[in-house]
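Good morning, and thank you for coming. I shall speak briefly about how the parts of one model fit together.

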Amino acid sequence: MKIHEYQAKSLLRAYNVPVPNGEVADTPEKARDIAKSLNKTSIVKAQIHAGGRGKGGGVKVAKTPEEAYEAAKKILGMQLITHQTGPEGIKVQKVLVEETSNIKKELYLGMVVDRARDKECIVFMASEAGGMEIEEVAKATPEKIIKCAVPPAVGFSPFEARKLAYGLGLGTDKSLSAQFANITKGLYELFVAKDASLVEINPLVLTAEGNLIAVDAKINFDDDGLFRNPDIKQLRDENEEDPLEVIAKNAGVNYIKLDGNIACMVNGAGLAMTTMDLIKMAGGEPANFLDVGGGASPDQIEKAFRILTADPNVKAILVNIFGGILRCDRVANGIIQAAKNIDMKLPMVIRLQGTNVDEGKKLLKESGLKFTVADGLYEAAEKVVALLK
Amino acid sequence: MAILLDKNSRVVVQGITGSEGTFHTRESVKFGTKVVAGVTPGKGGMDVDGIPVYNRVADAVEKQGANVAALYTPAAFSADAIIESIEAGIGLIVCMTEGIPVTDMIKVKQVLKTSKARMIGCNCPGITTPGVGKIGFMPSFIHKKGNVGVISRSGTLTYEAIWQLTNLGIGQTTSIGIGGDPIPGSGFVDMLALYEKDPDTVALVMIGEIGGTAEEEAAEFIKANLTKPVVSFIAGRTAPPGRRMGHAGAIISGGKGTADEKFKALEAAGVIVEKNPAEIGKRVQEILAKKKGKKK
């Protein structure tokens, strides 16, 4: 789960990680008020769940409260397009108005989970190449990135903070190394306490006054940890998500929207990804990922159909179900019922395999509805692509 | 494959009184598995179809000689249940549960490291050894006893592959679902090592997904250590980057973990990669025919 920069900074404050003074605004008037209370040059930053906001015109410096008003007026409501948003961009609903800093140096500090076998742990990554995309740095100059794996049995220790600090050129300065140690300690505690999956402070700024401050912050959370972090769960911003995906999530349907015109409904995540791949192999474009799960009750099938048909790009549907404990005749009845309930007009290919497959296929053929029935995996994909020709 | 599930396996089902636990225990028993106990804290003293239920895993170990644990426990309590089994001396733990937080699994792996236990899962369909037993919920009808090993991160996609093999008359020694999570109890490498030592297994099917480096690690291992042929399919060539595709572990992060990278790494290690999932069974058939041809 993603959150906004202003929410991340709020969390950092709670864990003693210094962030610039500032507040979130959803109107230009509020932005002006905040700038007034800061009484300094401020920076007005679009709040969206994507990077590259500066290049996209979503970040402006404001020397006066009036300038903050004008900047906020421009940015609020804009469709901000960045290299991370997709061509339509995201509508900006909030801006963060905060103090600027006297930047002496920009550093990078991040945390991820290393999933490699026998290494599974939280890892800190730090680099003097702050303010740049870490993937670019990793590609061009990987030696500039210092990594520190946190041994799970012990947790984060001061010697690890020192490793990173010396690597960043901060180690010899008593004040800076103490500040850095506090920051890394706070970030580690936050990561573990809130089940984060990624933390990125880019840039971590060294100011002319000799302070370390998190000028930008990105924190992602493990979806599977949300049940025990309700305070994080409520930070979710549905406006940042695709509207169909929001409907699907709230209906308990595991759905991801893509750009194609052939929709699919499958039981099982691996088989669902495979079905998308098969559609592409057969010359079509998948419109979505949808895992209807082990239950695939008539109710769930109907919910899934409603979501798939709500996408105006979708011109045909492929249903691919391998029935294990789930019986194919039950699934067939569910499909027939759902198709009738929603008055399904789109052509469908249905491929069933597994328990009671013959009964299932018979039911579909006798339903009077326009289904094409398929047997094999690749055959099913070919048939649905052919429907659109 | 005698090392994981064999005739000496005595299974305790943690979460046996839940609807999933009860249903799949019944299917396991029908398949021939020796389920000797169940554990649900607070429900000790009950029984499920005559299988005694205990409050603690240690009781099941002491009173029924349980040595394998099958978990159908809620995600919130699964790490605790797994560690309880490790501490009780269980040798093989198979966890079907989906939704366990990653930081919990970091902890669990730490405990596993210093124990004698082996874990399969979480978020997996389990292990099936035709003719011996099954733990988990792979449908019973797809399996046939034979000499091919199957290792997979997926659920229903695994059933497709097994069913293809069975329909071609090719049976399996053991089918293992290692699960779809980013930090599994065992990876491909761990299972490949076991299959390499198993005299009954002559060929392998490996089914992977986007995300992480398990397939790349497997490729390295296969190149250095494996004498048996492997056919591999990777799901998710069309998955968009940065999105969790159903499975928590199926996510392309920072540009890494794509299906094409995995196909490439496996191919370079001499694995027979098949991009059309409908052809997995046929590729195995070809290998086995070649082997038979060589023997003449």
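I shall take the contact between two chains, then two pairs of helices, and lastly one single helix. Please keep in mind that this is a predicted model.

Let us begin with the contact between the chains. How many residues does each chain bring to the contact? Chain A supplies 46 residues and chain B supplies 50 residues. On the side of chain A that touches chain B, the elements giving two or more residues include the strands β13 (254–257) and β15 (288–291) and the helices α9 (269–281) and α13 (377–387). Which of the elements gives the most to this side? The answer is α9(A), with eleven residues. Sorted by class, this side of chain A has 22 nonpolar, twelve polar and twelve charged residues.

We now turn to helix packing. Two packed helices are described by the angle between their axes and the distance between the axes.

The helix α9(A) packs with helix α5 of chain B, residues 156–167, at an angle of about 75°, and the two axes are 5 Å apart. Because angles of 65 to 115 degrees count as roughly perpendicular, α9(A) is roughly perpendicular to α5(B). From α9(A), the residues in the contact are A:Gly270, A:Leu271 and A:Thr274; from α5(B), they are B:Thr156, B:Leu157 and B:Glu160. Of these residues, two are nonpolar, three polar and one charged.

The second pair lies within chain B. Helix α6, residues 188–197, and helix α7, residues 214–225, have axes that come within 8 Å and cross at roughly 30°. Angles under 35 degrees count as roughly parallel, and therefore α6(B) is roughly parallel to α7(B). Their crossing is right-handed. Among the residues making this contact are B:Phe188 and B:Leu192 of α6(B), together with B:Phe221 and B:Ile222 of α7(B). By class, the contact of α6(B) with α7(B) has seven nonpolar, one polar and three charged residues.

Finally, consider helix α4 of chain B, residues 102–113. With twelve residues at 1.5 Å a residue, α4(B) should span 16 Å; its end C-alpha atoms are 17 Å apart, which agrees. Which residues of α4(B) are buried? They are B:Val102, B:Thr103, B:Asp104, B:Met105, B:Ile106 and B:Val108. Against what do the buried residues pack? In chain A, they pack against β7 (103–114), β8 (121–127), α6 (174–193) and β10 (196–207); in chain B, they pack against α3 (75–87).

Thank you for your attention.

Notes: Residues are numbered from 1 along each chain as its sequence is written. Chains are lettered from A and ligands numbered from 1 in the order in which they are written. This is a predicted model: local features need pLDDT of at least 70, side-chain atom pairs count only at pLDDT 80 or more; totals for chains, interfaces and linings use all residues. Helices (H or I, at least four residues) and strands (E, at least two) are DSSP runs, numbered from the N terminus. The expected span of a helix is 1.5 Å times one less than its number of residues. A residue is buried if 20 or more other C-beta atoms lie within 10 Å of its own, exposed if 12 or fewer, and partly exposed in between; C-beta atoms are placed from the backbone. Two residues are in contact if their C-beta atoms, placed from the backbone, lie within 7 Å. Ala, Val, Leu, Ile, Met, Phe, Trp, Tyr, Cys and Pro count as nonpolar, Asp, Glu, Lys and Arg as charged, and the others, Gly among them, as polar. Axes are lines fitted to C-alpha atoms, for helices over the stretch in contact, and angles run from 0 to 180 degrees between N-to-C directions. Angles under 35 degrees count as roughly parallel, over 145 as roughly antiparallel, 65 to 115 as roughly perpendicular and the rest as oblique. A crossing is left-handed if the near helix is turned anticlockwise from the far one by less than a right angle, and right-handed if clockwise.
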